[in-house]
Amino acid sequence: MHKVILSAAAIFTVAAAGTAYAKKPAIDKYISPGNFTLVFNSGFEPGSKIVSVSATRDYIEGVDRSVPGPNSWDELRTDKFFRFTGINYEDGDSSMRTVRIVPDPVNPSNGVLRLWIGEPSVKVNYERGIGHTKARAQVGFDAGEPTDEIYQSVRLYLPDGMKALRDYPDSIPWLTIVGWWNNPPDRRNEHIFRINVGLNKRSGTGQPLYFKATSQNFRYDPIETTRKTGRSGQFTTKWEEAAENYSIPFGEWMTLEYYIKKGHGSEGRFYMTVHPDGGKKRVLFDIAGDTYGEDNPSPQGVVRVFNAMNLYTSGALVEYMRRKGEALQLYWDDLKIYRGKSAPHVSPTEQ
C-alpha cells in the first residue's frame, strides 16, 4: 500500500499494423465517471503472501488488512466477477524469474510486488532447431459473469537498473506489462483478440522508453503448417498507438489507470492515464476502436482473461540486461479492479 513520505504461451507473429484514429482528450479536464463497484484492492502488505504451488506457478494468499475490503486474495479465487488465477511463469525455475512481495525501494516500510526476470526461462521449438527463448512472470485473472467494462488502477516503479534498456541497440517492440484477452489463445476458441500495453523504444542507443497500446486478432495456422514451421499462428494488428510524447521515468512511482469498453468500431474504447508522483495526470490513450474480434457475432463481455501485472519479453532482451549486470524488474503497488466504472470524458467545451 502506498504511503506518503515528507511506488499466453504460444508463438505469435504480428502480420499487419494499423493506426489509432481517436482524438486524445486534453490533460486534467475531466467529468465525473459516476457510480461503480470496487471488486478488489491490495497494497501487498503483511497478511498477503506468495505461496508456491508448482515449479511454474505461484499464488498470492491471505488478506491485506491495510486496505478496506474487498481485500482477500483467497476469496478472489472464487469471485463471481473477476477471479485470481495465479502467477504464471510458463517454464524455468525460481533462479530465473520470480514474483515476490518485497520492501518498496523508495519507502522500505511499504510492501510492494516485484516481478523479476534474470534469465530467459522459456524455450520455444528448440527441438526443431528453429527455436528462440523468452521469459514471463505474470499475475493472472479471468472473468466470471460477463461485463462490458473493466477499469483498473495500479502503481508502477522502474528501478534505475532498467535505464540500461535505453542503450539497447535495437528497437524494443515487445516488453509487455499488462494484457487483456477477449477469447484467449486456444485452438478450441474462435475470434481470439487481445489488447496489450508495453514498454517500447526506438532503435539506437540513448533512446527513451515510452508506452504503446496495441489491439490484435489472432488466427491459428493449420496443425500441419505448425508442424512444419514451428509457428502457431499469426496476429493481425487492428489499432495501435504510441505515447512517444511521454518518456517513462525511472526511480519514481507513477499511477497507471486503464479502461476498456466493449464495442466494435467507434463503440469500443481503450483509455489509459499516467500520474507520476508529484506531477500531473496525463491521458496517454483515448482510442475509439474494436475491443473484441471484428468477426465475433456474440462476444461474452469485454474481457475473458487478463494479466493485470506482467513482465513478458524476448530472451534477447533478458540476455542483454544480463550482460549489463542487470535484471528486468518492475515494482507494483496498490492494485484496484473495478466493475461498472467508466473512464471520464473531456467536457465538450475543452475539446
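Which residue just after α3 takes a positive phi? In this predicted model, the residue is Gly-325, with a phi of about 75°. Helix α3 itself spans residues 315-323. Its buried residues are Gly-315, Leu-317, Val-318, Tyr-320 and Met-321.

The protein chain contains 3 helices and 18 strands. Of its 351 residues, 53% are buried. The accessible surface amounts to about 15,100 Å². Carbon and sulfur atoms account for 47% of that surface.

Nonpolar packing was examined next. The largest nonpolar core comprises 71 residues. Within this core, Ile-177, Trp-180, Phe-211 and Phe-270 have the most contacts. Another core, of 6 residues, lies apart from the largest one. Among its members are Tyr-151, Tyr-271, Tyr-338 and Ala-343.

Charged pairs were then considered. The whole structure holds 16 salt bridges. One of them joins the side chains of Arg-100 and Asp-58, with an N to O distance of 3.5 Å. Arg-100 belongs to strand β5 (residues 97-103) and Asp-58 to strand β3 (residues 57-62), so this salt bridge ties together parts that lie 42 residues apart in sequence. The two partners can be assigned to burial classes. Arg-100 has a relative accessibility of 32% and therefore counts as partly exposed. Asp-58 has a relative accessible area of 5%, so this residue is buried.

Strand β3 also supplies Glu-61. This residue forms a salt bridge with Arg-77, and the closest N and O atoms are 3.9 Å apart. Arg-77 sits in the loop between α1 (73-76) and β4 (82-88). The pair links distant parts of the chain, 16 residues apart. Because its relative accessibility is 32%, Arg-77 counts as partly exposed. Glu-61, at 23%, counts as partly exposed too.

A further salt bridge connects Asp-334 and Arg-155. Here the closest N and O atoms are separated by 3.8 Å. Asp-334 lies in strand β18 (residues 328-339), and Arg-155 lies in strand β9 (residues 149-157). The partners are 179 residues apart, and the pair links distant parts of the chain. Both Asp-334 and Arg-155 are buried.

Salt bridges also join into a network. Glu-90, Lys-134 and Arg-136 are linked in this way.

How values were computed
Residues are numbered from 1 along each chain as its sequence is written. This is a predicted model: local features need pLDDT of at least 70, side-chain atom pairs count only at pLDDT 80 or more; totals for chains, interfaces and linings use all residues. Side-chain values use heavy atoms; hydrogens and water are left out. Helices (H or I, at least four residues) and strands (E, at least two) are DSSP runs, numbered from the N terminus. Buried means under 20% relative accessible area, exposed over 50%, partly exposed in between (1.4 Å probe, protein chains only). Accessible areas come from the Shrake-Rupley method with a 1.4 Å probe; for residues, only the protein chains shown count as cover. A nonpolar core is a set of buried Ala, Val, Leu, Ile, Met, Phe, Trp, Tyr and Cys residues joined through side-chain atoms within 4.5 Å. A salt bridge is a side-chain nitrogen of Lys or Arg within 4 Å of a carboxyl oxygen of Asp or Glu.
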